[in-house]
Amino acid sequence: MAKILIVAEHAGGKLNQSTAKCVACASTISGAEIHVAVFATDGAPVAAEAAKIQGVKTVLTVNNAANAEPLAAVLAPQVAAVAANYTHVFGPSTTFGKDLMPRVAALLGVGQLSDIMAAEGAYKFRRPVYAGNAIITVEAPQDKKLVATVRTASFQAAPEGGSASVEAANVSASLPSHTRFVTRSAAATGRPDLQTAPRVVSGGRALGSSDNFKIIFSLADKLGAAVGASRAAVDAGYAANDLQVGQTGKIIAPELYVAVGISGAIQHLTGIKDARTIVAINKDAEAPIFEVADIGLVGDLFTVLPELEKALG
Amino acid sequence: MSKILVGLKRVVDYNVRVRVKPDGTGVVTDGVKMSINPFDEIALEEALRIKEKGGATEVIVVSIGPADTQQQLRTGLAMGADRAILVQADSVVEPLAAAKVFLKLIEKESPQIVLLGKQGIDDDNNQTGQMLAALWDRPQATFASKVELDGGKAKVTREVDAGLETIEVDLPAVLTTDLRLNEPRYVKLPDIMKAKKKPLETVAIASLGVETAPQFKTTKYEPPAARSKGVMVKDVGELVAALKQKGLV
Ligand SMILES: Cc1cc2nc3c(=O)[nH]c(=O)nc-3n(C[C@H](O)[C@H](O)[C@H](O)COP(=O)(O)OP(=O)(O)OC[C@H]3O[C@@H](n4cnc5c(N)ncnc54)[C@H](O)[C@@H]3O)c2cc1C
């Protein structure tokens, strides 16, 4: 029977929703026993949140002053130590999980499976390759521990309503001092978070300047949406790097995605293919974005957006 | 002598629209343009800049792949790498095996920095650098958008979901690149001629004595689910009406 350990992602004493998505993925493996581990300086508040996720049996806290920041080199030996009692170890396919899980796998002497979209059994999964141009079915050996990341956009967060027990775990692992946290700069926007927002408005190269990009923020505010961007817009400095949507940025699955002045390169589309409704505004009727759009409008964004804002009242 | 080891993976060019073979056994690669993985090109560019600023004396490009991978290594040499190593492998090499191969080369070359792309745009795994750092028992600084060297240390700014994070690592270390680290240089014709004379050593993967049998078995390739055909609207009025109909505004 599968006994699955999920590494909790958290910041500022709050659990990230990616953890409940990993639980949702693990819950699709029949008969799985699911535990969540919180590595922190004081994991109690985060563990209390994790204990409420439906499907979780036990939450382990691993408290250590060294866990103040999520440094993969420091966390990996601890995760590997806790993993001894499990058949599977899952983390989210966020930058946190992508940084950490391969290091854990290598310490355990096993490979890692990236971006699980669906579990077809405890050792059989589907995942995207080639920027989502192909979906592969992969079988993992049953006699090895399976370390994997879960493609968070493929799962709805498991709901609350659980009441797992919380236990402190003692981990003896020697932790390196060769990697040190210096600083983190997050733009506090007051806007919804791109990865979890039900609505997203994204702007592309067509915006032409960071000043012009403000009309994307303005439409987003009108819709209560998060803001995203294409790589071209980020490279050009119109939008911050953490707003990039796509193969190598964020993979998202909002109810509504509005792509403004974005051509629809395959690398961008792979980040939005799970969106419920895609709206495209582009002046080129031949732009590939229209091939995936549910609602398409050919027009100049600089006239369409002001009109749209007005029409929305 | 301070060396930088750079990994260059041969992948289907990013401009190619990759298609699944009708029988579901793989993707079509016959006659398809192959290139250096874009993230690896960024890694090489960074290594060259470090060397040009005096931070290293030699840049070695390494690839694991079939004999044809020589083409990508020659391109790397034309960009400015000093020498190349092809670890010839004719079947699938998973990230863990690739990390073990790199570790063997590290034992021989003792580099100060190993620079890899954060992910290959074929398998989209995003694993090899992290695995190598673990096996080597050294720091990793993944998704780098800025690298500053300071003696035996590197200060690396990383692109993370929350924004930008800066960490400091002791060298030697493994760094993996993100898109905004730099813009790779173009190769000039005279450099291509010069590159032909630079050393390119071929090593059979079997001679390295590492376990390379794949752990995972891919049983099926499928095209992604197609989205249903949408509607085109004429103007903003129709757009708002369509959004209302879907209950979105
Ligand atoms: C390794 C690699 C990874 C990548 N990862 C990503 C990724 O994660 N995310 C990503 O987005 N890209 C990624 N890319 C880049 C991708 O290939 C495209 O270059 C990029 O998505 C293009 O951005 P864009 O659509 O904004 O720009 P363009 O392709 O230049 O498109 C601009 C669009 O705006 C339209 N337009 C211009 N003016 C107006 C106007 N006034 N009104 C309305 N429409 C207008 C044009 O018709 C055009 O369709 C990656 C590329 C590589 C090589």
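## Ligand site, salt bridges and two residues of chain A

An oxygen atom of the ligand is 2.5 Å from an N or O atom in the side chain of A:Ser230. The model is predicted. A polar side-chain atom of A:Arg205 also lies 2.5 Å from a ligand oxygen atom, and a backbone N or O atom of A:Gly261 is 3.1 Å from an oxygen atom of the ligand. The protein covers 86% of the 990 Å² of accessible area that the ligand has on its own.

Four elements each give two or more residues to the shell around the ligand: from chain A, helix H6 (231–235), helix H7 (266–269) and helix H9 (301–311), and from chain B, helix H1 (38–52). The ligand lies between chains A and B. Of the 29 residues around the ligand, those that come nearest are A:Arg205, A:Ser230, A:Gln244, A:Ser263 and A:Asn282. By residue class, the shell holds 11 nonpolar, 13 polar and five charged residues.

A:Gln244 also has a polar contact of 3.2 Å, side chain to side chain, with A:Thr248. A:Thr248 is located in the loop between H6 and strand E16 (256–260) of chain A. Apart from neighbours within four places in sequence, A:Thr248 is in contact with B:Phe39, B:Lys118, B:Gln119 and B:Leu179. With a relative accessible area of 14%, A:Thr248 falls under the 20% limit and is therefore buried.

A:Ala226 belongs to strand E15 (residues 226–229) of chain A. Its relative accessible area is 0%, so A:Ala226 is buried. Beyond neighbours within four places in sequence, the contacts of A:Ala226 include A:Pro192, A:Leu194, A:Val200 and A:Ala220. The C-alpha atoms of A:Ala226 and A:Leu60 are 33 Å apart, with the two positions 166 residues apart along the chain.

Side chains of opposite charge can pair when their charged atoms come close. A search of the whole structure finds 36 salt bridges over all chains. Three of them are listed here.

| Salt bridge | Closest N to O distance |
|---|---|
| A:Asp115 and A:Arg127 | 3.9 Å |
| A:Arg151 and A:Asp274 | 2.6 Å |
| B:Arg10 and B:Asp68 | 3.9 Å |

A:Asp115 and A:Arg127 are both buried. The salt bridge of A:Arg151 with A:Asp274 ties together parts that are 123 residues apart in sequence, because A:Arg151 lies in the loop between strand E11 (146–150) and strand E12 (165–168) of chain A and A:Asp274 in the loop between H7 and strand E17 (277–282) of chain A. A:Arg151 is buried at 6% relative accessible area, whereas A:Asp274 is partly exposed at 33%.

In chain B, B:Arg10 lies in strand E2 (residues 10–12) and B:Asp68 in the loop between strand E4 (58–65) and helix H2 (70–79), so this pair ties together parts that are 58 residues apart in sequence. B:Arg10 counts as buried at 17% relative accessibility, and B:Asp68 as partly exposed at 44%. A network of salt bridges links A:Glu69, A:Asp99, A:Arg184, B:Arg158 and B:Glu165.

Chain B as a whole has six helices and 13 strands. Its C-alpha trace spans about 70 × 45 × 40 Å along its principal axes. Of the 249 residues in chain B, 54% are buried. The accessible surface of chain B is about 11200 Å², 51% of which belongs to carbon and sulfur atoms. Among contacts in chain B between residues at least 6 apart in sequence, 69% join residues at least 24 apart.

Key: Residues are numbered from 1 along each chain as its sequence is written. Chains are lettered from A and ligands numbered from 1 in the order in which they are written. This is a predicted model: local features need pLDDT of at least 70, side-chain atom pairs count only at pLDDT 80 or more; totals for chains, interfaces and linings use all residues. Side-chain values use heavy atoms; hydrogens and water are left out. A residue is near a molecule or strand if one of its heavy atoms lies within 4 Å of it. A polar contact is a pair of N or O atoms within 3.5 Å; within protein, one must be able to donate a hydrogen and the other to accept it, and residues adjacent in sequence count only if both atoms are side-chain atoms. Accessible areas come from the Shrake-Rupley method with a 1.4 Å probe; for residues, only the protein chains shown count as cover. Ala, Val, Leu, Ile, Met, Phe, Trp, Tyr, Cys and Pro count as nonpolar, Asp, Glu, Lys and Arg as charged, and the others, Gly among them, as polar. Buried means under 20% relative accessible area, exposed over 50%, partly exposed in between (1.4 Å probe, protein chains only). Contact means heavy atoms within 4.5 Å. A salt bridge is a side-chain nitrogen of Lys or Arg within 4 Å of a carboxyl oxygen of Asp or Glu.
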